[in-house]
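Student: Please take me closely through the salt bridges of this model. I would like to have each partner placed in its element, and then to be led on to the surface features that share that part of the chain.

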Amino acid sequence: MARRMTDEEFDRQYAAAVKRGAEREQTEPKAVVASYNRKCNELTLRLANGASFTFPCDLLSEFKGASPEDIAAVEVRPHGSALHWEKLD
């Protein structure tokens, strides 16, 4: 039978988890903007830390046969941890 966690232990673990979450919020890559350049067929991601990444969509097999309109419909998921395309996912 498992023993019951004390209130003190719960408070300690909770505070540690909150601290880890705050640290991850500052250090983990997080997308804030994703945009598609039709002229160059490139996708650009801007991260919360100011870094930007641009890459040709031809490099991704997931975009093979996708229309520019479908690629341009990219959405940044909550918390910036993923991108989503309604028609492509």
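**Salt bridges and their surroundings**

Tutor: The structure holds three salt bridges, a salt bridge being a side-chain nitrogen of Lys or Arg within 4 Å of a carboxyl oxygen of Asp or Glu. The model is predicted, so that local features need pLDDT of at least 70 and side-chain atom pairs count only at pLDDT 80 or more, whereas totals for chains, interfaces and linings use all residues. Residues are numbered from 1 along each chain as its sequence is written, and side-chain values use heavy atoms, with hydrogens and water left out.

Begin with Glu-9 and Arg-12, whose side chains meet in a salt bridge with an N to O distance of 2.7 Å. Both residues lie in helix α1, three residues apart, which is about one turn of the helix; helices (H or I, at least four residues) and strands (E, at least two) are DSSP runs, numbered from the N terminus. With a relative accessible area of 24%, Glu-9 is partly exposed, on a scale where buried means under 20%, exposed means over 50% and partly exposed lies in between (1.4 Å probe, protein chains only).

The salt bridge between Glu-69 and Arg-38, at 3.4 Å from N to O, has another setting. This pair links distant parts of the chain, as Glu-69 belongs to helix α2 (residues 68-72) and Arg-38 to the loop between β1 (31-37) and β2 (42-47), 31 residues apart. Both partners are partly exposed, Glu-69 with a relative accessible area of 48% and Arg-38 with 46%.

In the salt bridge of Asp-70 with Lys-87, the closest N and O atoms are 3.9 Å apart. Asp-70 lies in helix α2 and Lys-87 in the segment after β5 (83-84), so this pair ties together parts that are 17 residues apart in sequence. Asp-70 is buried, at a relative accessible area of 19%, while Lys-87, at 68%, counts as exposed.

The loop that carries Arg-38, between β1 and β2, is also where Asn-41 is found. The phi of Asn-41 is near 55°, a positive value in a residue other than glycine. Most residues other than glycine have a negative phi, and most peptide bonds are trans. His-79 likewise has a positive phi, near 70°; its place is the loop between β4 (75-76) and β5, and it is exposed, with a relative accessible area of 71%.

Helix α1, which holds Glu-9, also contributes to a nonpolar surface patch through Val-18, a residue of that helix. The patch is formed by Met-5, Phe-10, Tyr-14 and Val-18, with about 410 Å² of accessible area together. Patches are made of residues with over 30% relative accessible area and no salt bridge, like charges being joined within 9 Å and nonpolar side chains (Val, Leu, Ile, Met, Phe, Trp, Tyr) within 5 Å; accessible areas come from the Shrake-Rupley method with a 1.4 Å probe, and for residues only the protein chains shown count as cover. Met-5 sits in the segment before α1 (7-27) and is partly exposed, with a relative accessible area of 36%, and Val-18 is partly exposed at 45%.

Farther along the chain comes the largest pocket, where Gly-21, Arg-24, Glu-25, Glu-28, Pro-29, Lys-30, His-79 and Ser-81 form the lining. On a 1 Å grid over the protein atoms alone, a pocket is an open set of points, reached by a 1.4 Å probe, with protein on both sides within 12 Å along at least five of seven lines, and lining residues have an atom within 4 Å of a point. This pocket encloses about 170 Å³ of space, where grid points are joined across faces, edges and corners and a volume is the space filled by probe spheres set on the points. Its lining has one nonpolar, three polar and four charged residues, with Ala, Val, Leu, Ile, Met, Phe, Trp, Tyr, Cys and Pro counted as nonpolar, Asp, Glu, Lys and Arg as charged, and the others, Gly among them, as polar. Glu-25, in helix α1 and partly exposed at 45% relative accessibility, is 54 residues from His-79 in sequence, yet their C-alpha atoms are 9.1 Å apart. Glu-9 and Gly-21, by contrast, are twelve residues apart in sequence and 18 Å apart in space, C-alpha to C-alpha.
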